[in-house]
Amino acid sequence: MKVIVVGCGKFGIRVAEYLIRQNHDVTVIDNNREAFHAFSEEFTGRTICGVGYDRDVLEQAGVSTSDVLISCASSDSLNAVIASVAKNMYHVPTVIARMYDPVRAKMFESMGIFTVSITRLGVENIMEFLEDNRNWRVIRKFGNDEIQIIKARVTSSLEGTKLSDLSVEGKMSLIALERHGRSLFPVKDMLCEYNDMLYLAVSRDYLVHARELLQL
């Protein structure tokens with residue numbers, strides 16, 4: 001995954017170094033260049049000195065093509081702004097913000113932004129969340145969220161299913177798939193293979209049924 005981590009305090013360093021060890025593509029943003037000296041020699045990610053909510057800085061970090069943005073600055077307000085920009089302006093599929101205030105955390109979770117605090121084991125919670133969402137992600141929403149583009153991985157239980165069986169008229173349509181590094185349009189009689197990545201347009205009122213159909 002391509003991940004942006006905003007904030008290079010102790011928490012941000014732990015998250016970034018863990019992600020690097022898991023072979024993810026990591027870029028870290030902090031407005032204090034000296035903070036990057038705290039990384040170990042094993043850290044191989046990119047570092048960018050700048051303010052995390054600055055659009056030029058985010059675009060330099062590749063926000064438009066990122067899978068995940070994790071904002072773990074020391075301020076709830078700053079994390080709220082950065083998470084909102086990433087989610088609403090750049091449509092980053094997965095946005096995570098560290099929040100100390102439980103009221104604000106609940107508000108942001110209702111908006112589709114996952115929140116984490118050091119009292120919830122921080123790094124462990126983030127990694128559990130990312131692992132849980134590897135097989136199903138909302139990557140784009142249209143209108144008032146009536147139609148959502150879903151990226152879903154084919155698990156072993158769905159292997160051998162006809163791709164045509166994954167379309168439901170007026171509710172869900174298979175747009176494309178990735179298989180062995182290639183992008184393909186679905187064709188008649190093609191079957192699901194394990195680890196295929198499916199791209200589906202799903203009606204908002206059909207999301208729960210879609211997950212059941214995909215056995216996720």
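**Reading the terms in this predicted model**

Me: In which strand is the place of Q148?
Reply: Q148 has its place in strand β8. Strands are DSSP runs of E with at least two residues, helices are runs of H or I with at least four residues, and both are numbered from the N terminus. The model is a predicted one, in which local features need pLDDT of at least 70, side-chain atom pairs count only at pLDDT 80 or more, and totals for chains, interfaces and linings use all residues. Residues are numbered from 1 along each chain as its sequence is written, and side-chain values use heavy atoms, with hydrogens and water left out.

Me: Why is Q148 called buried?
Reply: Buried means under 20% relative accessible area, exposed means over 50%, and partly exposed lies in between (1.4 Å probe, protein chains only). The relative accessible area of Q148 is 5%, so Q148 is buried.

Me: Why is R140 called partly exposed?
Reply: R140 has a relative accessible area of 38%, which lies between the two cut-offs and is therefore partly exposed. R140 has its place in strand β7 (residues 136-142).

Me: What does R140 touch, not counting residues up to four places away in sequence?
Reply: A contact means heavy atoms within 4.5 Å. By that criterion R140 touches H91, I147, Q148 and I149. R140 and H91 are 49 residues apart in sequence, with their C-alpha atoms 6.5 Å apart in space. With the same exclusion of residues up to four places away, Q148 touches residues including V138, R140, L200 and L207.

Me: How do you know that β7 and β8 pair, and in which sense do they run?
Reply: Two strands pair if DSSP finds at least two bridges between them. Six bridges join β7 to β8, so the criterion is met; the two strands run antiparallel. The bridge partner of W136 in β8 is A152. In the hairpin of β7 and β8 there are four residues between the strands, and G143 takes a positive phi near 60 degrees.

Me: What pairs with β8 over seven bridges?
Reply: Strand β11 (residues 197-203) pairs with β8 in the antiparallel sense over seven bridges. A152 stands opposite L198 in β11.

Me: Why is β8 described as largely enclosed by the rest of the structure?
Reply: Strand β8 (residues 147-153) has seven residues, of which five are buried, so the description follows.

Me: What makes the pairing of β1 with β2 parallel or antiparallel, as recorded here?
Reply: β1 and strand β2 (residues 25-30) pair in the parallel sense over five bridges. The bridge partner of V3 in β2 is V26. In strand β1 (residues 2-6), four of the five residues are buried.

Me: What makes F39 and F43 a stacked pair?
Reply: A search of the whole structure finds one aromatic pair. F39 and F43 form that pair, with 3.9 Å centre to centre and 5 degrees between the planes. Rings of Phe, Tyr and Trp (its six-membered ring) pair if their centres lie within 6.5 Å; planes under 30 degrees apart count as stacked, over 60 as edge-to-face and the rest as tilted. Both values satisfy these limits, so the pair is stacked. Both F39 and F43 are buried.

Me: How many helices and strands does the chain have, and how much of it counts as buried?
Reply: The chain has six helices and eleven strands. Of its 216 residues, 48% count as buried.
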